[in-house]
Amino acid sequence: WIHLGGTTQNSSWHPRLLRREEDHYNWTDCGTGATSKVPVTLLICLCGLVGNGTVLWLLGFRIRRNPITVYILNLAVANVTFLLCIATALVIFYGPESLCHRLSLRNLTTVLTITILFAFTASVYILTAFSAVTSLSILPPSRRSCHSSQHVPVLVCALLWALSFLLTITLYFSPAALVVFILSYFLAVLTLIFSAVTLLARVLCCSQQYPPRKLCAVVLLAVFFLPFFTADFGYWLFLRVFDFSIFVFDVSLMLASVNSAINPVIYFLVGSCTSAFTLSVRAAFQGAFEGVTEPQNTGESHSKTTVET
């Protein structure tokens with residue numbers, strides 16, 4: 001309401017703006033606004049769920065875990081959560097109208113939006129930790145510190161999940177905390193850039209034996225695709241922070257889904273690039289993450305040789 005010259009005028013542009021966004025899922029027209037990009041995004045989400053589910057199955061049960069694969073497993077969990085929420089929202093708001101009408105859309109949309117923000121934040125933080133640990137392992141002192149305990153990556157990932165959850169809940173109750181969220185995101189991006197430059201120097205330099213070049217290539221590709229596919233998605237999240245009960249489909253959702261779905265493809269392609277190309281997913285994943293514990297084993301063998309001498 002705006003008071004001008006003793007008269008009262010109703011400012012109606014804001015309700016119209018909200019109704020324009022709510023037209024995608026209101027009670028009378030839930031499926032309005034569906035475009036050809038919706039089924040494409042849904043297909044990307046399904047492929048990403050299959051790919052990241054394969055990562056969880058192989059690294060969780062079929063391949064021996066190491067400190068690096070702990071970060072990969074947690075990143076796959078974050079990607080699965082993100083893709084599952086996107087796919088669920090698309091099915092509900094752009095699927096059969098009967099399904100849309102039977103649900104309490106405002107509460108459901110709030111839960112889905114919060115979970116999307118939480119999963120995206122966790123994936124960025126875990127990828128940042130993964131790239132930082134890999135780049136720091138180039139330095140001799142960090143080899144022993146990063147691989148001395150199997151529980152350190154688990155603790156780091158647990159702290160990152162807790163931090164992501166805390167930031168998301170804080171944003172829900174107080175949008176003013178957006179400044180803290182933006183600062184943490186920029187810090188993560190700077191860390192990713194520094195790690196990418198360090199690993200690129202490792203790939204171009206032949207003197208270093210650790211970390212393996214395939215592992216460096218995995219991190220470089222994952223870091224490269226993150227800003228390329230999620231630049232516009234940050235603006236989508238920014239708008240949702242001020243009203244978590246609004247879900248609007250945008251091309252940025254499709255690109256962000258590609259970013260979460262492409263990681264298993266990176267693991268497979270990098271692991272398969274050997275002298276004998278293989279189509280085995282398990283063999284490709286083993287090739288991508290081989291030699292991760294090499295410095296520790298090398299140190300142990302060196303100490304045994306010294307004792308024998």
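Where does UniProt place the feature "transmembrane region" in this chain? The unreviewed entry puts it at residues 40-59, 71-94, 114-139, 151-173, 179-203, 215-238 and 244-270. Keep in mind that what you're looking at is a predicted model.

**View 1. The whole chain, to get your bearings.** Start by counting: the protein chain has 13 helices and two strands. Of its 309 residues, 45% count as buried. The chain exposes about 16,000 Å², and carbon and sulfur atoms supply 69% of that area. Now take the contacts between residues at least 6 apart in sequence: 76% of them join residues at least 24 apart.

**View 2. Two of the spans that UniProt lists as transmembrane regions.** Residues 71-94 are 100% helix and 0% strand, and the C-alpha atoms at the two ends lie 34 Å apart. Residues 244-270 are 70% helix, again with 0% strand, and here the end C-alpha atoms lie 38 Å apart.

**View 3. The largest nonpolar core, with F82 in the picture.** This core has 83 residues, and F82, I116 and F233 are the ones that touch the most other members. Helix α3 (residues 67-94) gives the largest share of the core, 18 residues. Zoom in on F82 and skip its neighbours within four places in sequence: you'll find it in contact with I116, A119, F120, F233, A256, S257 and S260.

**View 4. Helix α7 and what covers it.** Helix α7 runs over residues 151-173, so to speak from one end of a UniProt transmembrane region to the other. Its 23 residues reach 33 Å from the first C-alpha to the last, close to the 33 Å expected at 1.5 Å a residue. Which residues of α7 are buried? They are P153, C157, L160, W161, S164, L167, T168 and L171. Look at the spacing as you read along that list. An α-helix has 3.6 residues a turn, so residues three or four places apart point the same way. The cover over the buried residues of α7 includes α3, α5 (105-136), α8 (178-204) and α9 (213-241).

**View 5. Cysteines without a partner.** A disulfide is a covalent bond between the sulfur atoms of two cysteines, and this structure holds zero of them. Take C47: the nearest cysteine sulfur belongs to C45 and is 9.4 Å away. Is C47 buried or partly exposed? C47 counts as partly exposed, because its relative accessibility is 48%. C157, back in helix α7, counts as buried because its relative accessibility is 1%.

Conventions
Residues are numbered from 1 along each chain as its sequence is written. This is a predicted model: local features need pLDDT of at least 70, side-chain atom pairs count only at pLDDT 80 or more; totals for chains, interfaces and linings use all residues. Side-chain values use heavy atoms; hydrogens and water are left out. UniProt positions are given in the numbering used here, feature names are shortened, and annotations may be inferred rather than shown by experiment. Helices (H or I, at least four residues) and strands (E, at least two) are DSSP runs, numbered from the N terminus. Buried means under 20% relative accessible area, exposed over 50%, partly exposed in between (1.4 Å probe, protein chains only). Contact means heavy atoms within 4.5 Å. Accessible areas come from the Shrake-Rupley method with a 1.4 Å probe; for residues, only the protein chains shown count as cover. A nonpolar core is a set of buried Ala, Val, Leu, Ile, Met, Phe, Trp, Tyr and Cys residues joined through side-chain atoms within 4.5 Å. The expected span of a helix is 1.5 Å times one less than its number of residues. A disulfide is a pair of cysteine sulfur atoms within 2.5 Å.
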